[in-house]
Amino acid sequence: MNNITIGLLAHVDAGKTTFAEQLLYHTQAIRSRGRVDHKDTFLDTHEIEKARGITVFADQAEFIYGDTRYFLLDTPGHVDFSPEMERALQVLDYAVVIVSAVEGVEGHTETVWQLLRSHGIPTFFFINKTDRTGADPQRVFAEIRSGLSSSAVLLPQSESGEISEELRVFLAERDERLLDAYFEGAMNDAGWREAMRSMVREGTLFPCMAGSALLDVGIDVFLDRLKSLTVTDYDAGLPFAGRVYKIRHDEKGTRITYIKALQGVLKVREELNCGASEEAEPERITGIRKVNGLKYVSVDWAAAGELFAVTGLSAVRPGDGVGVLQDRRDSELVPTLKSKVLFEPPVHLKEVLTAFQLLGAEDPSLNVSWDMTLQELHIQVMGQIQLEILEQILRERFMIPVAFGPPEILYKETIAAPVFGCGHFEPLKHYAEVLLRMEPGERGSGLVFVNKCHPDDLAAGYQHQVGQYLLESGHHGLLTGSPLTDLRMTLLSGRAHNKHTHGGDFREAALRALRQGLEQAENILLEPVYDLKIRIDTDDLGKVMTDIQQANGSFGPPEITGTKAVITGKVPVATFLNYGVRLAAVTQGKGALSLKVAEYQPCHQTESVIALKNYNKDADPAYPSSSVFCAKGQSYSVPWDEAQAHMHIKNDFGPIS
C-alpha cells in the first residue's frame, strides 16, 4: 500500500480542523464528525485546545482512501505556535493550505507559503467557508494567484475525470513538452493527468479547490483530486533512515519519539544510530507505536513512508536524522522574545527545572536557560499567547503554579573586526594555553569554529576539546550580556603539559581567550528584524508608510493594483511587535499584515538598550577576562590587557587583518 503524509496548514480560524474532521469521516476513519465549537473534534483533544478553540499541538491521524494510506498532520495556525507547525513540515509529502473564502490570504498564510516553498513541499489549496456571508472564492483565488503563485490553478468542482480545454492550455503554457503535445493533439486525458501529477510533485503547479468543510461541500471532490494527483516512491528494501519530528512524554514520563520512516524498515529491539556526532552511541528501540489521534497500538515494525512513535531513544531532538540519515534540520522560525519564569515557595527550583527540561525537549525553540549570575530561569517564546498556554500546561500537567515576566526582545551581540584572543590557565598542577583569531561571521552564521592548529603544537584530542567548548551555548557579549552570534573562531595554537593538564583546563583557557578577544574588539549589539508585507487600500497608504518610517523601518515603492496597495520592507521587531492592533484600527480591519523574522541587524537604539539592560560584564565569576599564571609554586592573576605579554605561545601569525 502506498504511504503519503499530508499536512494541513492555515492562518488561525480558517477552518483547518473542521476540514480534517471531514476527511476522516469521508474515509470512514471516524464514525461521526466533531466540531471545534462543540469541543469534540478527533484531533484537537487537549483541554487547552478545546477551551481556546485553536490548534496548539501538531497531532496526527490515519485514513485509507483507495489503495493509499494517508497520514494526516493537523498543524497549529496561530503564529505563536509556528515552530510546532514548522517541525511538522520536515516530514510532509504534500501540504494543504486552507484559506477562508471571506478573509482570503492573511498574514500567516503568507508565512506558511514561504516556509512550504523553502522546504520544497508540493502544495494544494482549499478555499473554505464558501457558505459564509461575504464569501467570494473567485476573489480569494485571485489573491492566491497574485500574492502567492501564478501557478495556482482552480480545478473544476465536478468529479469528472475529463481534462478541460482551459486546463490543458494552462498546463501547456508551463511546459514546452506539453505545449508540443497540445498543438499535436497527441496526449489523452490519462497523459494530461500524469503530467499534472508530475508538475504538482515538482512544485510547478498548485491545484486549488473550494467548498465548505462545515457543510460538507467539496470534500469528495478534494479527496478524488488528492488521490489522482499525489504519489510517493518510498523503498522499504533500503537500510533504515528516518527523521524525528516530535518529542512527547506520556503520563508516566516515558519519552516518546515520533519518526517518519524515509526508507527501510525499523523493528522492535533493533539498535538505531542517533545523531551526527561520532561519539553518539546506538540506542535500542524498546517499543514501536502506530498513533491515531489519542489512541495507539503497539507493533513490531514500521516501514518506509509511515509515521510512528518509538520508546527507547533518550537524546535525539526534533529535526534529527536517525539510522543511515545522520544530519539535522534546524527551524527557520526562531523566537525573538525571552521571558523570565516566576515562581515562589513552596514551589522548588528543582521541580521547575525538571518540568522545563521536559518541555524544552518537546519544543527546542524554548531554549530553556538558567542564568547563574541573576539566578533566573529564562525561556524564549514567539508571543504572549504562548506564555499563557505554557502557564496552563505547567499548572495542569505538572501541578506547578508559575507566572512569566513580560516578554522582552532577544538581542544578540557580535564583533566589528578581527582580533586575537589569548587565554592561559595555570593554577598549581594545572596547565592549558589557547590562542584564537576571532572574526565577524556572515549574518545568521552563528558560532563557527575553525581548527588551524598544528598537531606539533597541541595534541588533536585537546584541539577537539577547545572546539567543543567554544561551540557550547551560553557564550554572551559584553555590552548587554546577550548571546554571541555571527562569530568565526579559529584555533591557531595551544599548549598542554605532559603531567599537569587535566580535563577542564582547556575549557578555562578557551573561554578566557574568547573573553580576552571580546575585551579588545569593537562589540556590536544586534536586534531582530522583520520582513514586512502589508496589504491595504490605497486610501490608507500614507498613514501606514508614516507608521513604518516612525518605527525605523524601510520599504520599497508600493505595488499598486487598482484600489489595493502592497508594501514590502524591513522593520525592527522592537518597534513593530504589536503593530497588528494599530493596523486594524487604521484600516478598519481591512489591512493584512505579514511579519516574518528575517535576520539580525545592528540595533537602531544601541545606547538606550545598553542603558536599560545595565549589564556589568565583570559581575560574572564564571566568565573571567583575566588569565591565571604560575611562578614559584604560586598562581597569580593577570588582567586581560596584560595577558599577551605573559603568554608562552608567541603570536607570530601576522597582522590581524
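This is a short tour of one sheet, the helix packed on it, and a cavity, all in a predicted model.

**Stop 1: the sheet.** Switch to cartoon view and pick out the seven strands that make an open sheet, in the order S2-S3-S1-S4-S5-S7-S6. The pairing here is mixed. As a reminder, strands of a sheet pair through backbone hydrogen bonds, either parallel or antiparallel. Now colour residues 59–65 and 152–154: these are S2 and S6, the edge strands, and each pairs on one side only. Tilt the view and you can follow the twist, with neighbouring strands turned by 25° against each other on average, ignoring direction.

**Stop 2: a parallel pair.** Select 123–128 (S5) and 206–210 (S7), which run parallel and are joined by three bridges. Want one to zoom in on? Show Ile127, whose bridge partner in S7 is Ala210.

**Stop 3: the helix on the sheet.** Next, select residues 107–119, helix H4, which packs on the sheet. H4 touches S1 (2–10), S4 (94–100), S5 and S7. Look along S4 and compare directions: H4 makes about 165° with that strand.

**Stop 4: the cavity.** The structure holds two cavities of 30 Å³ or more, and the largest has a volume of about 40 Å³. To find the largest one, show Ala58, Leu73, Glu84, Arg87, Ala88, Tyr245 and Lys246 as sticks; they line it. Which helix gives the most to this lining? That's H3, with three residues. Select 82–89 for H3 and 241–249 for strand S8, as each supplies at least two lining residues. Colour the lining by class and you get four nonpolar and three charged residues, with no polar ones.

Technical notes
Residues are numbered from 1 along each chain as its sequence is written. This is a predicted model: local features need pLDDT of at least 70, side-chain atom pairs count only at pLDDT 80 or more; totals for chains, interfaces and linings use all residues. Side-chain values use heavy atoms; hydrogens and water are left out. On a 1 Å grid over the protein atoms alone, a cavity is a set of points where a 1.4 Å probe fits but cannot get out, and a pocket is an open set with protein on both sides within 12 Å along at least five of seven lines; lining residues have an atom within 4 Å of a point. Grid points are joined across faces, edges and corners, and a volume is the space filled by probe spheres set on the points. Helices (H or I, at least four residues) and strands (E, at least two) are DSSP runs, numbered from the N terminus. Ala, Val, Leu, Ile, Met, Phe, Trp, Tyr, Cys and Pro count as nonpolar, Asp, Glu, Lys and Arg as charged, and the others, Gly among them, as polar. Two strands pair if DSSP finds at least two bridges between them. Axes are lines fitted to C-alpha atoms, for helices over the stretch in contact, and angles run from 0 to 180 degrees between N-to-C directions. Contact means heavy atoms within 4.5 Å.
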